[in-house]
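Please open the model in a viewer and keep the sequence panel at hand. The stops below are meant to be selected in turn.

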Amino acid sequence: MDGAIGLKGCRKIRGSQIRHLLEAKDFFLFDCDGVIWHGEKAITGAPNVVNTLIKQGKGVFFVTNNSTRPRENYVHKFCRLGFTNVNQEQIFSSSYCSAIYLRDVAKVQGKVFVIGCEGIRNELREANVPYLEEVDEPDATIYNCALPTDVKAVLVGHDDQFTFLKLAKASCFLKDPDCLFLATDNDPWHPLKDGRILPGSGCLTAALEVATGRKATIIGKPSRFMFECISSQFTGVDPAQCLMVGDRLETDMLFGSNCGLETMLTLTGISQMEEAEEYSKSEQSNEQSFVPDYVVDTIADFLPAFEELD
């Protein structure tokens with residue numbers, strides 16, 4: 001695109017450049033937090049962008065590593081924040097994709113031990129994947145708790161009720177080499193207000209990897225499986241016709257690169273232009289996968305391009 005700003009492979013675009021990109025792509029994959037909303041507040045202009053793309057007949061999907069809520073709850077949030085045309089089928093969360101993986105790929109024959117929030121259990125129920133119900137007594141320890149023999153998979157996601165007992169039980173289950181070890185995602189942390197951070201699922205997964213000497217299979221971004229879920233459920237999803245829009249270089253941009261998608265960084269979330277430029281200068285080949293193809297200040301920058309298309 002002529003006139004793009006910045007380094008090759010890390011181009012800040014606007015106006016007619018965005019219009020050309022919108023015309024060239026048929027499918028748009030959006031991360032959620034930091035891209036279309038911050039917590040319970042939509043990013044200015046984001047509902048209009050998403051609603052317009054859908055009305056134009058573009059394929060719009062939402063790919064999130066947040067495993068804490070089921071897709072049904074996401075639909076309510078989209079509607080509450082003004083995204084009026086979003087259906088559950090467009091939402092691909094790490095909890096939903098994990099349930100699909102266990103049911104359709106792993107075909108797990110037994111129960112799943114879950115370290116995670118209710119969003120994961122809800123998606124497992126919807127997929128008819130049995131999981132172990134927590135029934136430990138308050139004073140239970142790894143020395144006296146029950147360890148059922150029919151657990152055939154351990155699934156780790158975000159868990160704000162994480163305990164040492166959960167870690168110990170999962171470690172015991174994973175002593176069986178035939179017990180699957182899965183993680184919804186490997187995000188290290190998430191930003192909170194006032195400079196605080198919330199440790200992510202990757203921290204819990206790392207603890208279990210150290211305890212067991214095993215490596216988890218990651219289901220969410222940057223793994224390809226989330227895109228494979230989309231392409232298996234929607235016909236004609238050609239990677240060349242897709243744009244991945246996200247706010248985290250090491251997750252969203254890497255996901256796009258792994259799936260053969262062009263990528264766009266929006267500067268309303270975690271990663272900033274300076275980090276992208278540093279990666280673009282890196283001589284480490286793996287770090288080049290973190291570099292976005294395009295950069296915008298916000299996806300609201302799409303709005304003038306829509307006006308040009310009218």
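How far is the sulfur of C97 from the closest cysteine sulfur, and in which residue does that sulfur lie? Select C97 and C229 in this predicted model: the two sulfurs are 3.8 Å apart, which is too far for a bond. A disulfide is a covalent bond between the sulfur atoms of two cysteines. The cut-off applied here is 2.5 Å between the sulfur atoms, and a search of the whole structure finds zero disulfides. C229 is accordingly in no disulfide, C97 being its nearest cysteine by sulfur position. Both residues are shielded: C97 has 0% relative accessibility and counts as buried, and C229 is buried with a relative accessible area of 3%.

Next, extend the selection from C97 to helix 4, residues 94-105. This helix is largely enclosed by the rest of the structure, because nine of its twelve residues are buried. The buried residues are S94, S95, Y96, C97, S98, A99, I100, Y101 and L102. Continue along the chain to K107, just after helix 4, where phi is positive at about 50°.

From S94 and S95, move to S67. This serine lies in the loop between strand 6 (59-64) and helix 3. Is S67 buried or exposed? S67 counts as buried, at 1% relative accessibility. Display its surroundings: leaving aside residues up to four places away in sequence, S67 touches S94 and S95 of the stop just visited, together with G119, I120, G157, H158 and T184.

Strand 6 leads to the next stop, strand 3 (residues 27-30). Strand 3 is covered on both faces, with F27 and L29 buried on one side and F28 and F30 buried on the other. In a regular strand the side chains alternate between the two faces of the sheet. Strand 3 runs parallel to strand 6, to which four bridges join it; select F30 and F62 to see one pair of bridge partners. Strand 3 also pairs with strand 14 (residues 242-246), again in the parallel sense and over four bridges. There, F28 stands opposite L243.

Now select strands 8, 9, 10 and 13, which form an open sheet in that order with parallel pairing. Strand 8 (111-115) and strand 13 (217-218) are the edges; each has a single partner strand, so one side of each lacks a neighbour in the sheet. Despite that edge position, strand 8 is largely enclosed by the rest of the structure, as four of its five residues are buried. Five bridges join strand 8 to strand 9 (residues 151-156). Across this pairing, F113 stands opposite V154, and V114 has L155 as its bridge partner. Add helix 6 (residues 164-173), which packs on the sheet and touches strand 8 and strand 9. The direction of helix 6 makes about 145° with that of strand 8.

Finally, turn to the largest pocket, which holds about 880 Å³ of space. Which of its 35 lining residues are the closest to its centre? They are D33, G39, N66, H190 and P191. To trace the lining further, select strand 4 (37-38), helix 3 (71-80), strand 11 (189-191) and helix 9 (249-259), each of which supplies at least two residues.

Definitions and conventions. Residues numbered from 1 in each chain as written. Predicted model: local features only at pLDDT ≥ 70, side-chain atom pairs only at ≥ 80, totals over all residues. Heavy atoms only, no water. Pairing = 2+ DSSP bridges. Contact = heavy atoms within 4.5 Å. Axes fitted to C-alpha atoms, helices over the stretch in contact; angles between N-to-C directions. Buried < 20%, exposed > 50% of the residue type's maximum accessible area, 1.4 Å probe, protein only. 1 Å grid on protein atoms, 1.4 Å probe; cavity = no way out; pocket = protein on both sides within 12 Å on 5 of 7 lines; lining within 4 Å. Points joined across faces, edges and corners; volume = space filled by probe spheres on them.
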